Amino acid sequence: LMLSAQTRDQCTAQAMQQLIAHNKCTAASINACDVDKVKELISCVCFYNNKAKYIKAATSEIINKHQSKVPSDYDALVAMPGLGPKMVHLFLQTDGVVMGIGVDVHVHRLSKRFGWVPSDSKTAEDTRKSLETWLPRKYWSEINVMLVGYGQTVCPAVNPKCADCSVSHLCPNAFKETKGKRARSSTARGDNSDELSTPHGKLTTKEATTPKVKTPLKDMEELCSRLKR
């Protein structure tokens with residue numbers, strides 16, 4: 001999780017493979033490893049200099065304060081160097097402990113795009129607290145898994161693929177960022193119908209960009225159902 005922050009999955013996997021190949025990636029082996037060597041092994045990830053320092057500091061703490069075992073207590077984990085609420089919640093969820101929502105850049109961004117949290121929600125922690133006020137706990141461990149891949153492939157920050165999105169009808173911002181591009185494209189083809197093709201049939205530009213008013217919970221439940229297919 002430390003390695004994955006602001007880093008592509010492929011780079012994270014490569015760094016993990018190199019750590020495991022070098023010293024099996026245990027707390028003891030990394031603690032014994034020189035920090036410069038750790039930097040070399042994880043140099044493919046973003047901010048590897050800082051991450052190497054955090055990893056070394058965290059492994060030392062695990063050995064000296066927790067008898068070489070990674071703690072399962074939220075407060076103990078979040079107090080470790082380089083670990084924030086998102087990482088801790090995601091880590092605990094892998095062990096079946098759901099204490100909160102793991103909000104990364106994708107969950108933070110898409111929650112605002114879907115109108116699930118206030119548009120002025122400035123940080124991932126703000127978004128986490130807002131989501132937890134209304135989102136049922138049964139979705140707390142699912143939302144990150146669903147929205148990360150969705151945000152990487154269908155709904156990126158720039159040029160979202162609204163016409164290919166199976167949940168665009170749930171989004172009050174659908175087609176707004178692509179409207180101008182599609183209008184020019186239709187004109188170039190000599191098509192003046194002002195229609196957009198979507199997974200739900202043809203919609204006029206006005207229909208496609210008109211927000212659909214629903215409660216966040218109903219939207220979330222439908223999104224879960226569709227993205228799981």
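**Notebook: T7, two helices and the spaces around them**

I began at T7, where a polar atom of the side chain lies 3.2 Å from the backbone nitrogen of C46. I took a polar contact to be a pair of N or O atoms within 3.5 Å, where within protein one must be able to donate a hydrogen and the other to accept it, and where residues adjacent in sequence count only if both atoms are side-chain atoms. The model is a predicted one, in which local features need pLDDT of at least 70 and side-chain atom pairs count only at pLDDT 80 or more, while totals for chains, interfaces and linings use all residues. Residues are numbered from 1 along each chain as its sequence is written, and side-chain values use heavy atoms, with hydrogens and water left out.

**T7**

I then looked up the other partners of T7, and found that its side chain also reaches the backbone oxygen of L3, at 3.4 Å. With contact meaning heavy atoms within 4.5 Å, T7 touches T12, V45, C46 and K51 once its neighbours within four places in sequence are left aside. The C-alpha atoms of T7 and C44 are 8.9 Å apart, although 37 residues separate the two along the chain. T7 sits in the segment before α1, and it counts as buried because its relative accessibility is 11%; the cut-offs are under 20% relative accessible area for buried, over 50% for exposed and partly exposed in between, with a 1.4 Å probe and protein chains only.

**The chain as a whole**

I counted elements next: the chain has 12 helices and 2 strands, taken as DSSP runs numbered from the N terminus, with H or I over at least four residues for helices and E over at least two for strands. Their order along the sequence is α-α-α-α-α-α-α-α-α-α-β-β-α-α. Of the 229 residues, 40% count as buried, and among contacts with a separation of 6 or more, 55% join residues 24 or more positions apart.

**Helix α6 and H89**

In α6 I listed M87, V88, H89, L90, L92 and Q93 as buried, and the elements covering the buried residues include α5 (74-78), α8 and α9. I singled out H89, which counts as buried because its relative accessibility is 3%. Not counting residues up to four places away in sequence, H89 touches Y74, M99, G100, I101, G102 and R128. After α6 comes G96, with a positive phi near 80°.

**Helix α7**

How far is α7 enclosed by the rest of the structure? It is largely enclosed, because 7 of its 9 residues are buried, namely H106, V107, H108, R109, L110, S111 and R113. These buried residues pack against α8 and α9. At the N-terminal end of α7, D104 acts as a cap, with a side-chain oxygen 3.1 Å from the backbone nitrogen of H106. G115 follows α7, and its phi is positive, near 80°.

**Nonpolar cores**

I treated a nonpolar core as a set of buried Ala, Val, Leu, Ile, Met, Phe, Trp, Tyr and Cys residues joined through side-chain atoms within 4.5 Å. The largest one has 27 residues, and F114 and I143 have the most contacts inside it. Two or more residues of this core come from each of α7, α9 and α12 (216-227), and the largest share, 4 residues, comes from α9. F114 touches Y150, V167, L170, C171, P172 and L223, residues up to four places away in sequence not being counted. A second, separate core of 23 residues includes A15, L19, V38 and I62.

**Pocket and cavity**

On a 1 Å grid over the protein atoms alone, a cavity is a set of points where a 1.4 Å probe fits but cannot get out, and a pocket is an open set with protein on both sides within 12 Å along at least five of seven lines; lining residues have an atom within 4 Å of a point. The largest pocket has a volume of about 1,500 Å³, a volume being the space filled by probe spheres set on the points, which are joined across faces, edges and corners. Its lining has 44 residues, with L1, M2, L3, S4 and A5 nearest the centre, and α6 gives the largest share, 6 residues.

I found 1 cavity of 30 Å³ or more, and the largest cavity holds about 100 Å³ of space. Of its 15 lining residues, C155, P160, C162, C171 and A174 are the closest to its centre.
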